[in-house]
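This briefing sets out the fold, the nonpolar core and the aromatic contacts of the structure shown below. Points are grouped by topic.

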Amino acid sequence: MPARTAKTGGGFVKLNCRTFHTHNQGTWLVWLHGLLGSGDDWSPVVSACDRYPSLVVDLPGHGNSVDANLTGGFAEMSELLIATLAEYPINDYCLIGYSLGGRIAMYHALYGKQNGLRGLLVEGGNPGLFSRQERDMRLRNDQHWAQRFRQEPMMSVLPDWYQQPIFADLTTAQREQLIHLRSQNRGDRIADMLENTSLGYQPWLVPALQHISIPFSYSCGENDRKFQSIAQQYTLPLTTIPQVGHNAHYGNPVAFASAVNCFLSLFG
C-alpha cells in the first residue's frame, strides 16, 4: 500500500505501510523492524501469522519511508505511530518490534497514547541504560557510527557494522547477505534515525515494563547472551528462539512465527 500522510506535532510526515490478511477480523499485528531494515524483513513471519490482519511499517529513513525525517526522538516517533494507525484506522492492535523497532514499541506502550494497544512482543530490544555514564557512552558510540554512515559509502561501513559482538553468531554467508540487503539504504537517513533514537536518549524502561498491564513477551535467540542476560536480570517474560542469535526472526523465522502465534493465543 502506498505511503500515507500522517500529521504529528512536527508537521506532515509520510510512512510507508503495507497491509496483509485484511479479510481477518480482530486484533491487528503492527510490525516494526530494526535499524537498517525495512518492513520486508518480516515477510516470512507475517505469512505464518495469517490468522490476523497485519500492518507492516517502514520506519523513518528506511525502505519506502526514506524521505520521512524524524527529528523529535522517541516522543515524535510514538506520535507518528498513533497518527499512522489512525489513518487506516486501527483501534485494536498488538505491537511487534525487533531491536530498534522493539525499543520504539516499548516506549510507545509505556509513554505513548496507546488506546487500543492489546499486547507487546519485543525481540532483542534494549529496555534502556540505567546510569547517565552508560547513556553518554552509548550516545558517543552512536554518533561515531552516524558520522561514518554520513561520510562513507554503505559498502565500506556495513562490513564493520556487522562485526560488532551482537552479530557474532552470523555465518559468513548470512553476514554477506545482510550487507548486500542493507547497502540499499541511504547513509544520511540511517545516521539521522540512529542519532534521534539512540539508546543514550531512551528512558530507563525496566521498572515500568515490570508492571505493564497488557500481555508482554520478550524474545531473543538462544545464542544472544546479552539479551538473555537482560531478560533474566530484570525478570522480563523471556521466550527463547532456538539455534539463533540477535536477529532471531531472520535466522529462524519458523520458530519465531511459532512463538508469535503462541503469544497471540492470549488474545483468544
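The largest nonpolar core has 81 residues, and the members that touch the most others are Trp31, Leu120 and Phe149. The model is a predicted one. The following points begin with the overall architecture and then turn to one helix, one core residue and the aromatic pairs.

**Overall architecture**

- The protein contains 11 helices and nine strands. Its radius of gyration is 17 Å, close to the 18 Å given by the globule rule for 268 residues, so the protein is as compact as a globular protein of that length.
- The C-alpha trace spans about 45 × 40 × 40 Å along the principal axes.
- Buried residues make up 54% of the 268 residues.
- Among contacts with a separation of 6 or more, 71% are between residues 24 or more positions apart.
- The exposed area of the protein is about 11,700 Å², of which carbon and sulfur atoms supply 49%.

**Helix α3**

- Helix α3 comprises 12 residues, 100–111, and its first and last C-alpha atoms are 16 Å apart, close to the 16 Å expected at 1.5 Å a residue.
- This helix is mostly covered, with 11 of its 12 residues buried. The buried residues include Arg103 and His108 as well as Ile104, Ala105, Met106 and Leu110.
- The partners against which the buried residues of α3 pack are the strands β4 (28–32), β6 (93–98) and β7 (117–123) and the helices α2 (73–87), α7 (187–196) and α8 (206–209).

**Leu120 in the core**

- Leu120 is one of the three residues with the most contacts to other core members.
- Leaving aside residues up to four places away in sequence, Leu120 touches Ala105, Met106 and Ala109, among others; these three are buried residues of α3.
- Other residues touched by Leu120 include Cys94, Leu95, Leu209, Ile212, Ile214, Pro215, Phe216, Ser217 and Phe263.

**Aromatic pairs**

- The whole structure holds 10 aromatic pairs. One of them is the tilted pair of Trp145 and Phe149, with 6.5 Å from centre to centre and 35° between the planes.
- Trp145 and Phe149 are separated by about one helical turn because they lie four residues apart in helix α4 (residues 132–151). In general, an α-helix has 3.6 residues a turn, so residues three or four places apart point the same way.
- Both rings belong to buried residues: Trp145 has 8% relative accessibility, and Phe149 has a relative accessible area of 1%.
- Trp31, Trp42 and Phe256 form one aromatic cluster; Trp31 is also among the core residues that touch the most other members.

Methods: Residues numbered from 1 in each chain as written. Predicted model: local features only at pLDDT ≥ 70, side-chain atom pairs only at ≥ 80, totals over all residues. Heavy atoms only, no water. Helix = DSSP H or I, 4+ residues; strand = E, 2+ residues; numbered from the N terminus. Expected span 1.5 Å × (residues − 1). Buried < 20%, exposed > 50% of the residue type's maximum accessible area, 1.4 Å probe, protein only. Contact = heavy atoms within 4.5 Å. Core = buried A, V, L, I, M, F, W, Y, C linked by side-chain atoms within 4.5 Å. Phe/Tyr/Trp six-rings, centres within 6.5 Å; stacked < 30°, edge-to-face > 60°. Rg over C-alpha atoms; globule rule 2.2 N^0.38 Å. Areas by Shrake-Rupley, 256 points an atom, 1.4 Å probe, with all protein chains shown as cover.
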